Amino acid sequence: MAVFVLDKQKRPLMPCTEKRARLLLERGRAVVVRLAPFTIRLKDRIGGALQPLRLKLDPGSKTTGLALVRESEIVDAETGAVERLEHGLWFGELEHRGQQIREALTLRRHYRRTRRSRKTRYRAPRFLNRTRRDGWLPPSLQHRLDTTVNWVQRLRRLAPITGLSQELVRFDTQALQNPEISGVEYQQGELAGYEVREYLLEKWHRSCAYCGATHVPLEIEHIVPRSSGGSDRVSNLTLACQPCNQRKGSRSIEDFLQRQPARLHQIQAQAQAPLKDAAAVNATRWALLNALKATGLPVETGSGGRTKFNRTRLNLPKTHALDAACVGAVDHVRDWNRPILSIRATGRGAYSRTRTFKNGFPRGYLMRHKRVHGFQTGDWVHAEVPKGKKAGVHVGRVAVRQTGSFNIQAQAGTVQGISYRHCRVLQRADGYGYSFQPKPDTEEARRAA
Ligand SMILES: [Zn+2]
């Protein structure tokens, strides 16, 4: 894994190898700035030669892949064709916590709901009195956007990045805010017919809903026929092969599938279920693109299909980080077999000061202050316990307690009851937890996958 290098004035230089960083540190020419991502600062150097670096992103609903690559070109001497070559420098995977945020907000909503029904005071009508600004995203998706942009900015402070690449679309639902509620007729211009089609292909897994046929031409089919008052809403649309479409004609689905109750039930359920993950990713991807453009760096975009094509052609294992490396126009990738830094969004503690049992009764209260003896939950600490049952060295994320007896989440497991006296901060809490994944192309990693 490449080591990030800053100059004397904390401006980014080209990342160097681990070996070179070790030599610089041994000779006292550099100091450690951060442990994750590992960064050193040179004490005697201002400025240096830079080469083009590209940060590539593959935004996902749960994990975003990050790949920092050095770009160069290979020119074919005979044909003069130029091929894009990438050298992998640093790979990361950013794990989002959208689901946790969603759950926390649902919980809060329930608390408030019960509180209102306990206290029966008068409340003014609250019907249709809320507005949302343009470009509003649900908090869980806003978080995904914010953390991704945050890491782009962090990496820009550590490396002289000259370009960005982002996987933008699997299918274009740019204007698709909530396809299951808004009718197609409302989306003309924003969501043209082919986008409905791409959406349906994704939703119905590219197969005929009635017979399951794949790799055949599929037609858009109204579940409740239009002649019986069926709407053009996406939730009333499915895909059928031509023979099935013909046979169904304008019959109702109950009639058509009366001998297959299981399939009937499955189609009706799936029709109502919105395509959550894909829709969510698409809404945030465009917001992310706008945020990336705002950095002032040139942004290259690619589609999911192209990423997959590149990964298959280059014969790379499937990881989020390597997917990121395959975004956009790439002809060759070198030095891709490197360990991956796992970055887990952990948040910075809870707003609520009361801890509850699962039925909502209070179980205990959190401290008013986050800091205990100079430590805070989330700090990365090194604890050296001289004697006793827990004797030894423990390194990991600390969870503080007011008593000064801390828990440390080490790689091997959580160690409880470590006194603050034995602890030393390695890196301050920054809202993320770090761990390393082995190289993607080893026996060990293959077994784990
Ligand atoms: Zn069919």
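**Pocket, cavity and the first hairpin**

In this predicted model, 49 residues line the largest pocket, and those nearest its centre are A350, Y351, S352, R355 and L366. Two or more lining residues come from each of α2 (98–118), β14 (354–356), β15 (362–365) and β19 (392–399). Helix α2 chips in the most, with 13 residues. The space in this pocket comes to about 2,000 Å³. As for chemistry, the lining is a mix: 18 polar, 17 nonpolar and 14 charged residues.

Then there is the enclosed space. Rolling a probe the size of a water molecule over the atoms shows where empty space is left. One cavity of 30 Å³ or more turns up in the structure, and the largest cavity holds about 50 Å³. Its lining is made up of P59, R144, L145, T148, T284, R285 and L288, with α3 (139–158) and α8 (276–293) being the elements that give two or more residues. Sorted by class, that lining has three nonpolar, two polar and two charged residues.

Over at the start of the chain, strands β1 (residues 3–6) and β2 pair up antiparallel, with three bridges between them. L6 sits opposite P12 of β2. The two strands make a hairpin with five residues in between, and K10 in the turn takes a positive phi of about 65°. Strand β2 (residues 12–16) is largely enclosed by the rest of the structure, because four of its five residues are buried.

How values were computed
Residues are numbered from 1 along each chain as its sequence is written. This is a predicted model: local features need pLDDT of at least 70, side-chain atom pairs count only at pLDDT 80 or more; totals for chains, interfaces and linings use all residues. Side-chain values use heavy atoms; hydrogens and water are left out. On a 1 Å grid over the protein atoms alone, a cavity is a set of points where a 1.4 Å probe fits but cannot get out, and a pocket is an open set with protein on both sides within 12 Å along at least five of seven lines; lining residues have an atom within 4 Å of a point. Grid points are joined across faces, edges and corners, and a volume is the space filled by probe spheres set on the points. Ala, Val, Leu, Ile, Met, Phe, Trp, Tyr, Cys and Pro count as nonpolar, Asp, Glu, Lys and Arg as charged, and the others, Gly among them, as polar. Buried means under 20% relative accessible area, exposed over 50%, partly exposed in between (1.4 Å probe, protein chains only). Two strands pair if DSSP finds at least two bridges between them.
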